[in-house]
Amino acid sequence: VVVENGFGGAYSQEKAAWMVTAVAQYFHDNVNLDPEEVEDLLADLVYNEFDTVVEDGSLSEVRGITHSHLKPVGSGDSCQWAA
């Protein structure tokens, strides 16, 4: 929604693509993350890059999906989405 509405300015698409890489790198660098840490990271990224505070509960959903898909990657293996 933030990209579609241009909340990140002219570089919204680039910021969104960077966020994917940044989150994957965070998992790679930090083993045994708690789901709450992931949600805090996502909230900080959205706020800092898109000047937006998410208050609709959707970060919990995204956190769960992200945490379940990237958790195996956090062991220092490759920095890719886990299947």
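What percentage of the 83 residues in the chain is buried? Buried residues make up 29% of the chain. The structure above is a predicted model, and this briefing walks you through its helices, its core, its largest pocket and a few residues worth finding on screen.

**The overall layout**

- The chain holds 3 helices and 0 strands, so there is a short list of elements to learn, with helices defined as DSSP runs numbered from the N terminus.
- Reading from the N terminus, the order of elements is α-α-α.
- Contacts between residues at least 6 apart in sequence include many long-range ones: 58% of them join residues at least 24 apart.
- The chain exposes about 5,400 Å², and carbon and sulfur atoms supply 51% of that area.

**The nonpolar core**

- The largest nonpolar core is made up of 13 residues. Those with the most contacts inside it are Met19, Val23, Phe27, Val38, Leu42 and Leu45.
- Three elements, H1, H2 and H3, each give two or more residues to this core. The largest share, 6 residues, comes from H2.
- Methionine 19 is a good place to start looking. Setting aside residues up to four places away in sequence, methionine 19 touches Leu45, Val46 and Phe50.

**The largest pocket**

- The largest pocket has a volume of about 460 Å³.
- Its lining is formed by 19 residues, and Val2, Met19, Val46, Leu59 and Val62 lie nearest the centre. Helix H1 (12-29), helix H2 (35-50) and helix H3 (58-70) are the elements that give two or more residues to the lining.
- Sorted by class, the lining of this pocket has 15 nonpolar, 3 polar and 1 charged residues.
- Met19 appears twice in this tour: Met19 is among the residues nearest the pocket centre, and Met19 is also among those with the most contacts inside the core.

**Phenylalanine 50 and valine 3**

- Phenylalanine 50 lies in helix H2. Phenylalanine 50 counts as buried because its relative accessible area is 2%, and the cut-off for buried is under 20%.
- Leaving aside neighbours within four places in sequence, phenylalanine 50 is in contact with Val2, Val3, Phe7, Gly8, Ser12, Lys15, Ala16, Met19 and Leu45.
- One of those partners, alanine 16, is 34 residues from phenylalanine 50 along the chain, and their C-alpha atoms are separated by 9.2 Å.
- Valine 3 sits in the segment before H1. With a relative accessible area of 22%, valine 3 is partly exposed.
- Valine 3 is in contact with Ser12, Gln13, Ala16 and Phe50, again leaving aside neighbours within four places in sequence.
- From valine 3 to glutamine 13 is 10 residues in sequence and 6.3 Å in space, C-alpha to C-alpha.

**Leucine 33 and its partners**

- To find leucine 33, look in the loop between H1 and H2. Leucine 33 is buried, with a relative accessible area of 8%.
- Not counting neighbours within four places in sequence, leucine 33 is in contact with Tyr26, Phe27, Val38 and His67.
- Leucine 33 and histidine 67 are 34 residues apart along the chain, while their C-alpha atoms are separated by 8.3 Å.

**Arginine 63, a buried charged residue**

- Where is arginine 63? Arginine 63 lies in helix H3.
- Arginine is classed as charged, yet arginine 63 is buried, with a relative accessible area of 18%.
- Its contacts, once neighbours within four places in sequence are left aside, are Pro35, Glu36, Val38, Glu39 and Leu42. Two of these partners, Val38 and Leu42, are also among the residues with the most contacts inside the largest nonpolar core.

**Aspartate 51 and its backbone angle**

- Aspartate 51 is found in the loop between H2 and H3.
- Is aspartate 51 buried or exposed? At 64% relative accessibility, aspartate 51 counts as exposed.
- Its phi is near 55 degrees, a positive value in a residue other than glycine. Most residues other than glycine have a negative phi.

How values were computed. Residues are numbered from 1 along each chain as its sequence is written. This is a predicted model: local features need pLDDT of at least 70, side-chain atom pairs count only at pLDDT 80 or more; totals for chains, interfaces and linings use all residues. Side-chain values use heavy atoms; hydrogens and water are left out. On a 1 Å grid over the protein atoms alone, a cavity is a set of points where a 1.4 Å probe fits but cannot get out, and a pocket is an open set with protein on both sides within 12 Å along at least five of seven lines; lining residues have an atom within 4 Å of a point. Grid points are joined across faces, edges and corners, and a volume is the space filled by probe spheres set on the points. Helices (H or I, at least four residues) and strands (E, at least two) are DSSP runs, numbered from the N terminus. Buried means under 20% relative accessible area, exposed over 50%, partly exposed in between (1.4 Å probe, protein chains only). Contact means heavy atoms within 4.5 Å. Accessible areas come from the Shrake-Rupley method with a 1.4 Å probe; for residues, only the protein chains shown count as cover. A nonpolar core is a set of buried Ala, Val, Leu, Ile, Met, Phe, Trp, Tyr and Cys residues joined through side-chain atoms within 4.5 Å.
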